[in-house]
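Biologist: I have a model on my screen and want to learn to read it. Can you take me through it step by step?

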Amino acid sequence: MPQFESHFFSSLIFWEIVSFAILFVILYKYAFPAVLGILEERERKIKDSLDQAERHRLEAERTLREYEAKLAAASKEAETMEAAARERAQRLMEENEQRMTAEAERIKGDAMREIDQERRRAVQEIRAQTTELALLVAEQVLQRSMTDADHQRLADEALAALSKSSHR
Amino acid sequence: MEENPLHPFELHNFIPINIGGLDVSINKAVLTMWVVVALVAALMVVAGSARRLVPGKLQSLAEMLVDFIRGIVLDTMGEGGMRFFPLVATLFLFILFCNLVGLIPGSYTVTSQIIVTAVFAFSVYGLSLMIGFALHGAKFLGILVPPGTPAWLLPLMIPIELISQLARPISLAVRLFANMTAGHVILGVLFGLTVSGGLLIGWLPFVFTIAMNGLELGIAFIQAYIFTVLTCVYLGDAFHLHGHDEHAH
């Protein structure tokens, strides 16, 4: 086989080592640090991005929980307030009713008393007028010479008037 | 000329050079090495200088290769093995591009020269021995005794392990050389059949050459990969010695 022709060995070995050394130095100096660097940088970036996304997710979850808690608290507060308002309204309504009833009772009582007073005063007035009328009649009768018949008639008339006014 | 499938492996010196009695003449294989060095250097330096976070095509290719080798190094040697990354990566890229450039018709497959693969294999193995003795001293001889071997088996195990150690560089060199040579021999034979078969029957071996070329592309990659993985394994063995570090293997 041509590969075993040993007179090419020295040049192949020499140039292999030289070529490899040159390539090694070039890559070691100019290529590997850059390529490895960019790979690591990208890995770090991706990892950072994932970490950040995870952090944001946790934060969002926490905020959501906070808001939910706040919402629940607010809703509970609103319920309490509503119940209190309802109770107060009820109480006010009841108070109003009581007050109205009392007022109405009072007005009714006042009216009754007034009516009663008026009636009494009217009766008294009538009595006084009746008496006055009787006196007037008596006076007229006395000024004229009256017969017995006149007396009788006048007395009857007075009595009739009296009874009529007292009945009214 | 077509009748000899070994013809593509023949070398002829273009420029005879002699340095101190050492023949370092330029031939086709040497020129191909230079082409490979230029290609790899250009690809990696240009791609590396881009340094874009969202890579272009060339940068993606370079990053893919580098990431691939980094994966091999980390898998076989762990985080501490990254100090060998430049060496392992250069070795992988050099062999891969030698294999690939060799597939271009009219070029030369440097890795089909046993001496080229042998220099790599023995250098890698020698380096692993140096690292082993430098890190572990005489205890590195313990690599000849697999962990958990009973004492009465030692006279049997040590020679076996010694042979397996010595077989490492030889198998490493021969595997790559044989694969590269065999592929090109088969292609040469098929082409020979195509030419001598004529139009009537010649298309059949020609179809096979197309399929073989695809296969050779895969083999070019796989052999570079195997060479690199085994390099890492040997270096890792010397580095960790019986896997003291759980990252090894």
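Modeller: Start with the elements. Helices (H or I, at least four residues) and strands (E, at least two) are DSSP runs, numbered from the N terminus. In chain B they run β-β-β-β-α-α-α-α-α from the N terminus on. That comes to five helices and four strands. This is a predicted model: local features need pLDDT of at least 70, side-chain atom pairs count only at pLDDT 80 or more, and totals for chains, interfaces and linings use all residues. Residues are numbered from 1 along each chain as its sequence is written, and chains are lettered from A and ligands numbered from 1 in the order in which they are written.

Biologist: What does helix 5 of chain B span between its end C-alpha atoms?

Modeller: First get the expected span: 1.5 Å times one less than the number of residues. For a straight helix of 87 residues that is 129 Å. Helix 5 (residues 154-240) of chain B spans only 22 Å. Now look for a bend, the angle between axes fitted to the seven residues ending at a residue and the seven starting there. Helix 5 of chain B has a kink of about 160°, centred on B:Gly198. Just after this helix, B:Leu241 takes a positive phi of about 50°.

Biologist: How many residues does each chain bring to the contact?

Modeller: Two residues are in contact if their C-beta atoms, placed from the backbone, lie within 7 Å. Chain B brings 38 residues and chain A brings 31. On the chain B side, helix 1 gives the most, with 12 residues. For classes, Ala, Val, Leu, Ile, Met, Phe, Trp, Tyr, Cys and Pro count as nonpolar, Asp, Glu, Lys and Arg as charged, and the others, Gly among them, as polar. The chain B side has 25 nonpolar, eight polar and five charged residues.

Biologist: At what angle do helix 1 of chain A and helix 2 of chain B cross?

Modeller: Axes are lines fitted to C-alpha atoms, for helices over the stretch in contact, and angles run from 0 to 180 degrees between N-to-C directions. These two axes come within 10 Å and cross at roughly 85°. The two helices are therefore roughly perpendicular (65 to 115 degrees). Among the residues that meet are A:Val35 and A:Leu36 on one side, B:Ala62 and B:Glu63 on the other.

Biologist: Is B:Ala50 buried or partly exposed?

Modeller: Count other C-beta atoms, placed from the backbone, within 10 Å: 20 or more is buried, 12 or fewer exposed, in between partly exposed. B:Ala50 has 16, so it counts as partly exposed. B:Ala50 lies in helix 1 of chain B.

Conventions
Parallel < 35°, antiparallel > 145°, perpendicular 65-115°, else oblique.
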